[in-house]
Amino acid sequence: QVQLVESGGGLVQPGGSLRLSCAASGSDASFDNMAWYRQAPGKQRELVASITRGGMVYYIDSVKGRFTISREDAKNTVFLQMNGLEPEDTAVYYCFCDIKVPSREYDYWGQGTQVTVSS
């Protein structure tokens, strides 16, 4: 089955940068949508950034100008480049991918990677 493996999280000082990667395996078809969600302690999970098969991107207002989402379909991989990190960005970041077919939508989630922004 499809498995999403995330990497790149860690501890960084305010103003620093991290690049998250999510590599998918077990799927012959490319994904329609790929996205990054995050969930901070005591808060709801929120969509941070997404990218469609055609390259249309979306960012939550708080990360615009700081984060960049990209995808390499040949390797079934999605990235999130995070610059100018702030303490408010601290959260577990989850990779999400889907494949839409007429009968249903197949959704896949990664295990999550911790991002901590602290001085």
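How many bridges join strand 1 to strand 3, and which way do the two strands run? Let's work through this and two more exercises on this predicted model.

**Exercise 1. Place strand 1 in its sheet.**

Step 1. Strand 1 is joined to strand 3 (residues 18-25) by 5 bridges, and the two run antiparallel. Looking at one end of strand 1, Q3 has S25 in strand 3 as its bridge partner.

Step 2. Now widen the view: the open sheet has 4 strands in the order 1-3-8-7, with antiparallel pairing.

Step 3. Strand 1 (3-7) and strand 7 each have a single partner strand, so they stand at the edges, and one side of each lacks a neighbour in the sheet. On average, neighbouring strands here are turned by 15 degrees against each other, direction ignored.

**Exercise 2. Decide whether I69 is buried or exposed, and list some of its contacts.**

Step 1. Find I69 in strand 7 (residues 67-72).

Step 2. Its relative accessible area is 4%; the cut-off for buried is under 20%, so I69 counts as buried.

Step 3. Among the residues that I69 touches beyond four places in sequence are W36, I51, Y59, F79 and L80.

**Exercise 3. Find which backbone oxygen the side chain of T77 reaches.**

Step 1. Start in strand 8 (residues 77-82), where T77 lies.

Step 2. The side chain of T77 reaches the backbone oxygen of K75, at 2.9 Å.

Step 3. To round off the picture, T77 is buried, with a relative accessible area of 10%. Leaving out residues up to four places away in sequence, T77 touches several residues, including C22, M34 and S70.

Note on methods. Residues are numbered from 1 along each chain as its sequence is written. This is a predicted model: local features need pLDDT of at least 70, side-chain atom pairs count only at pLDDT 80 or more; totals for chains, interfaces and linings use all residues. Side-chain values use heavy atoms; hydrogens and water are left out. Buried means under 20% relative accessible area, exposed over 50%, partly exposed in between (1.4 Å probe, protein chains only). Contact means heavy atoms within 4.5 Å. Two strands pair if DSSP finds at least two bridges between them. Axes are lines fitted to C-alpha atoms, for helices over the stretch in contact, and angles run from 0 to 180 degrees between N-to-C directions. A polar contact is a pair of N or O atoms within 3.5 Å; within protein, one must be able to donate a hydrogen and the other to accept it, and residues adjacent in sequence count only if both atoms are side-chain atoms.
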